[in-house]
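Please find below my notes on the model under review, set out point by point for comparison with the coordinates.

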Amino acid sequence: MLDIRIDSKFYGAQQVLGPLHLHLKQGEVVSLLGASGSGKSTLLSILAGLDRDWCGTLQLDYAPLHGVHPAVSLVFQEPRLFPWLTVAENLRFGLPSSDDCGCDVELLLEETGLQGLGQRLPKQLSGGQAQRAAIARGLMRSPRVLLLDEPFSAVDAFTRMKLQDLLLRIAARHQLTILQVTHDIDEALYLSDRILVLPAGGGPLRGEFSVPAARPRSRSDASVLPLKHRILDLLHLSEQAA
Amino acid sequence: MSDQAAIYFGQAAAHAGQSAAPPPAPTRRRQLPRWLLGLLLPAALLAAAELAVRAGVLAPNLLPPPSAILETITELAQRGLASHVAASTLRVAVGFTAGALAAILFGAATALHRPTHAIFDPTVQALRAIPSLAWVPLLLLWLGIDEAPKLVLIAIGAFFPVYMGVSAGIRGVDRKLVEVARLYRLSPSQQARQVLLPAALPAILTGLRNGLGLAWMFMVAAELIAASKGLGYLLSDGRETSRADIVLAAILLLAVLGKASDGLMLRLEQHLLAWRDSFEIPDHA
């Protein structure tokens with residue numbers, strides 16, 4: 001589905017990514033872990049088309065992917081809602097008209113638990129509601145790939161759990177391929193089909209793990225504990241190497 | 001029920017009995033409306049001036065009592081004060097509009113285009129440092145003594161604060177919001193209209209407010225030198241005829257007009273920036 005080949009990505013003289021080859025399958029939920037500075041957010045920027053200063057190729061269903069593409073959407077760490085627009089206007093942002101996107105704002109608001117809040121300004125939302133609105137905006141153009149850059153890191157633990165479940169429901173309903181960056185191993189284990197560990201300073205993946213637990217998962221599933229320890233050890237080694 | 005529990009419930013019942021008495025009605029402090037609070041200081045100053053002059057502490061030819069200034073204003077009102085006020089207000093309106101429009105265009109151009117900024121901004125910053133009065137002889141030489149030099153001087157006064165507001169406002173827009181606009185494939189002109197302009201609006205409106213204040217000041221400078229109508233002319237006329245009451249009447253009117261125009265601008269700002277999640281000073285702070 002989405003084929004990613006990064007030969008190299010530099011910041012000045014410092015290589016941050018590559019050589020790296022990833023392949024994401026349709027409907028797959030993949031988490032990216034790695035030490036700070038391992039280029040996780042940079043990789044999402046590249047995939048979203050925001051960063052074009054890199055070497056390599058991207059293919060979506062064997063067709064080259066250049067720059068920003070409506071099939072690939074990105075939800076940032078912060079909601080990044082435009083404060084002067086209402087929630088509904090934020091969702092419609094950048095679309096010629098609400099009819100052209102094939103999406104129903106009200107439906108998406110309902111799906112993300114924001115029914116009745118469409119006319120509110122971002123300042124009238126809680127942190128969790130704002131992040132839900134950001135996810136709803138990310139879904140407005142009916143993307144096939146949803147990229148998430150630590151989307152739940154700024155909300156409290158209870159809200160985070162609710163948002164994680166929301167994400168899983170949305171992924172299943174829209175048959176979305178999800179690639180998310182996270183620092184939370186428990187979150188990665190709960191959400192993901194696969195977990196990838198990026199090295200610091202470029203190079204191939206340090207680790208690639210399939211999560212053995214079946215869905216729906218329990219947050220206290222003990223069967224994933226050995227995997228959690230392996231990933232933790234790997235991250236610890238990466239941190240030391242960095 | 002254990003003894004301890006009995007004691008506990010006994011105490012609770014006692015508390016319940018105490019709390020059953022009607023609570024005292026909350027004392028609500030009476031507060032003056034904000035606009036009235038704003039009038040307190042000028043009213044106090046005027047009253048102090050009135051008393052000081054009447055008590056002979058201040059010479060009435062240098063500081064006429066407010067009651068005399070009020071009489072002068074009434075007298076001037078019968079002798080065409082409205083035409084002076086209208087002339088000054090019109091000059092400020094035209095000069096400010098021209099200066100602000102030029103500043104918005106110029107500020108946006110320098111903020112959005114790096115080479116334009118590199119070429120023009122240092123010169124604009126240097127020109128900004130020139131005092132208003134330094135422009136007057138040059139404008140009189142170039143444009144004569146009609147309306148043109150006055151309007152240009154007012155426009156110059158309004159230009160710089162608005163330019164600074166627009167330029168700094170656009171350059172200070174959060175990169176992350178622009179990134180969202182890029183993600184949704186907005187063209188540069190759409191980005192400017194839908195993201196940069198609204199995000200820079202707080203700074204632009206502050207610039208406009210400062211520019212309007214300076215426009216009133218530059219209007220006085222312009223009218224002091226060459227005018228036969230306007231509040232600046234009244235100031236000059238009062239000085240030449242040693243009528244401190246006329247000078248103070250003109251100053252008072254300038255203060256009222258300046259405050260009124262700033263109040264309108266403030267209302268506009270509050271309306272346009274209602275979306276801002278800004279700090280509000282609590283009334284009881």
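Which residue with a positive phi follows helix 2 of chain B? That residue is B:Gly56, whose phi is near 85°. The points that follow concern a predicted model and should be read as such.

1. Helix 2 of chain B, dimensions and bend. This helix takes in residues 34-54, 21 residues in total, and its first and last C-alpha atoms are 31 Å apart, close to the 30 Å expected at 1.5 Å a residue. The helix nevertheless bends by about 30° at B:Leu40, and within four residues there follows a proline, B:Pro42.

2. Helix 2 of chain B, exposure. A residue is called buried here if 20 or more other C-beta atoms lie within 10 Å of its own. The number of buried residues among the 21 of helix 2 of chain B is zero, so this helix lies largely in the open.

3. The loop after that helix. B:Leu63 belongs to the loop between helix 2 and helix 3 (66-78) of chain B, and it counts as partly exposed because it has 17 C-beta neighbours inside 10 Å. Apart from neighbours within four places in sequence, B:Leu63 has contacts with B:Ala49, B:Val53, B:Leu58 and B:Ala244. The C-alpha atom of B:Leu63 is also separated by 10.0 Å from that of B:Arg243, although these positions lie 180 residues apart along the chain.

4. Helix 1 of chain A. Here the picture is one of cover, for eight of the nine residues in this helix (residues 40-48) are buried. The buried residues include A:Lys40, A:Thr42 and A:Ser45, together with A:Leu43, A:Leu44 and A:Ile46. Just after this helix comes A:Gly49, which has a positive phi of about 90°.

5. The nonpolar core. The largest nonpolar core comprises 115 residues, and those with the most contacts inside it are A:Leu147, B:Ile154, B:Ala158, B:Val162, B:Val166 and B:Ala215. Helix 9 (residues 188-225) of chain B supplies the largest share of this core, 16 residues. If residues up to four places away in sequence are not counted, B:Ala158 touches B:Gly95, B:Phe96, B:Gly99 and B:Ala100, and likewise B:Gly211, B:Leu212, B:Leu214 and B:Ala215.

6. Contacts between the chains. Between chain A and chain B, 12 residues of the former are in contact with 13 of the latter. On the side of chain A that touches chain B, nine residues are nonpolar, one is polar and two are charged.

Note on methods:
Residues numbered from 1 in each chain as written. Chains lettered and ligands numbered in written order. Predicted model: local features only at pLDDT ≥ 70, side-chain atom pairs only at ≥ 80, totals over all residues. Contact = placed C-beta atoms within 7 Å. Nonpolar A, V, L, I, M, F, W, Y, C, P; charged D, E, K, R; others polar. Helix = DSSP H or I, 4+ residues; strand = E, 2+ residues; numbered from the N terminus. Expected span 1.5 Å × (residues − 1). Bend = angle between axes of the 7 residues up to and from the residue. Buried ≥ 20, exposed ≤ 12 C-beta atoms within 10 Å, placed from the backbone. Core = buried A, V, L, I, M, F, W, Y, C linked by C-beta atoms within 7 Å.
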